[in-house]
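This briefing goes through one protein chain, beginning with a detail of its backbone and then turning to the overall fold, the surface and the interior. Please keep the sequence and the model open while reading.

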Amino acid sequence: MKANAGQIRTALAKPGADIRLYLLHGPDEAGASDLARVLGKAMGAEAERVDLDGATLKSDPARLVDEAAGMSLFASARYVRIANVGEESLDAFTALLQAERAGNPVVAIAPNVKTSAKIVKLAIDSPRAMAFACYAPTAQDAERIAATIASEHGLRPASGVARRLAETTGGDRAVMTREIEKLALYLDAAPDRPHDLDHDALDRIGADLGDAEMTHAVDAVIEGRVADLGSELAMLDEAGTSPIPWLRQLVRRLMTLADMRAEIDRGDTPDAVMKRHRIFYKEEAQTARSLRRWSPVMIAAAIARVRAAERAVMASGNAGGVLAESAVTTIAQGIARRN
């Protein structure tokens, strides 16, 4: 069956025996991964997770049925998570949905699969499966997602807090979840002991995304000034600044460029678009150059690269600022070549 955002999240949070397969497809891989974690949380910290991928299922389609029906030797619960799945898994999914029994739920992440794919049609047509298309959320969607995730962690956001969380994370569900987890830990909040989440807590724990000192580094990336970018990043590093705030500031700038480019492509003049977006008159020339040099495809690719770098920086055992600096340098070099 085809699910909406509320239905898929509710189903993953309380998995039932009637649904064997949760197929999360579409370009928002971060959002799909966040939803997959909802199932993991529902299964319990002690649950056994079996990790598979599309290549494994292609070579051995029967493996999925075996894993879905198998018993865990060391845990009370078991579930299957499949990464990078595609059309090569059609036979495995068909066998799973047709099998006599399958006691362990399966969640599959298919970031490169379109809604017209055969595995999507299979999941939509089956009462034993749920399919959900994951796309980057709109600003309004992101605010609702932030409020939902906060509630799941026992937090009651004050007015404007959910919107601020959505804006400062660029709508990335994975990053949003990590920020909310930090806030819940700081406030000692949990579903059984809810706590109010106000702007003061966000100021103390959340990253400060408005620092003017980071603007120069962001400008250098957008304009492709690679040499200047190196010195700006060095200054931020010497000051002990976390990469997270300026990465997020860069995403916000890129998203604004994307909105402006879309309006121009629909027929609006650059001057009208800049006026509508309240571009400071001293920045109009620079903004006009950026709008000429940045294509919609390049903007989307850059946003994906920056968000991936942010998630990598926030992961345990990472290379710190080196990951972020490498990502933005690559972006700046690409723009520089368009001079």
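Arg-278 is found in the loop that runs between H14 and H15, and in this predicted model its phi is positive, at about 55°, although Arg-278 is not a glycine. Most residues other than glycine have a negative phi. The same residue is exposed, with a relative accessible area of 76%.

**Backbone**

- Asp-188 also has a positive value of phi, near 55°, in a residue other than glycine.
- The place of Asp-188 is the loop that connects helix H9, residues 173–187, with strand E7, residues 195–197.

**Overall fold**

- The chain is made up of 17 helices and 7 strands, together with the loops that have been mentioned.
- For 339 residues, a compact globule would be expected to have a radius of gyration near 20 Å, and the 22 Å of the chain agrees with that expectation.
- Taken along the principal axes, the box filled by the C-alpha atoms is roughly 70 × 45 × 35 Å.
- When contacts between residues at least 6 apart in sequence are considered, 79% of them join residues that are at least 24 apart.

**Surface and charge**

- The accessible surface of the chain comes to about 17,100 Å², and carbon and sulfur atoms account for 52% of this area.
- Of the 339 residues, 47% count as buried, where the cut-off for buried is under 20% relative accessible area.
- The chain carries 43 positive and 47 negative charges, and the mean positions of these two sets lie 4 Å apart.

**Nonpolar cores**

- The largest nonpolar core holds 33 residues, and those with the most contacts inside it are Trp-246, Leu-250, Leu-254, Trp-294 and Val-328.
- At least two residues of this core are supplied by each of the helices H11 (215–223), H12 (226–238), H13 (243–265), H14 (270–276), H15 (284–293), H16 (296–314) and H17 (321–336).
- H13 provides the largest share of this core, with 8 residues.
- Leaving aside residues up to four places away in sequence, Trp-294 touches Val-221, Ile-222, Leu-254, Leu-257, Arg-261, Ile-299, Ala-302, Ile-331 and Ile-335.
- Apart from this core lies another one, of 25 residues, which includes Leu-23, Leu-97, Ala-123 and Ala-129.

Methods: Residues are numbered from 1 along each chain as its sequence is written. This is a predicted model: local features need pLDDT of at least 70, side-chain atom pairs count only at pLDDT 80 or more; totals for chains, interfaces and linings use all residues. Side-chain values use heavy atoms; hydrogens and water are left out. Helices (H or I, at least four residues) and strands (E, at least two) are DSSP runs, numbered from the N terminus. The radius of gyration is taken over C-alpha atoms; the globule rule is 2.2 Å times the number of residues to the power 0.38. Buried means under 20% relative accessible area, exposed over 50%, partly exposed in between (1.4 Å probe, protein chains only). Contact means heavy atoms within 4.5 Å. Accessible areas come from the Shrake-Rupley method with a 1.4 Å probe; for residues, only the protein chains shown count as cover. Lys and Arg count as positive and Asp and Glu as negative; His and the chain ends are not counted. The place of a charge is taken as NZ of Lys, CZ of Arg, CG of Asp or CD of Glu. A nonpolar core is a set of buried Ala, Val, Leu, Ile, Met, Phe, Trp, Tyr and Cys residues joined through side-chain atoms within 4.5 Å.
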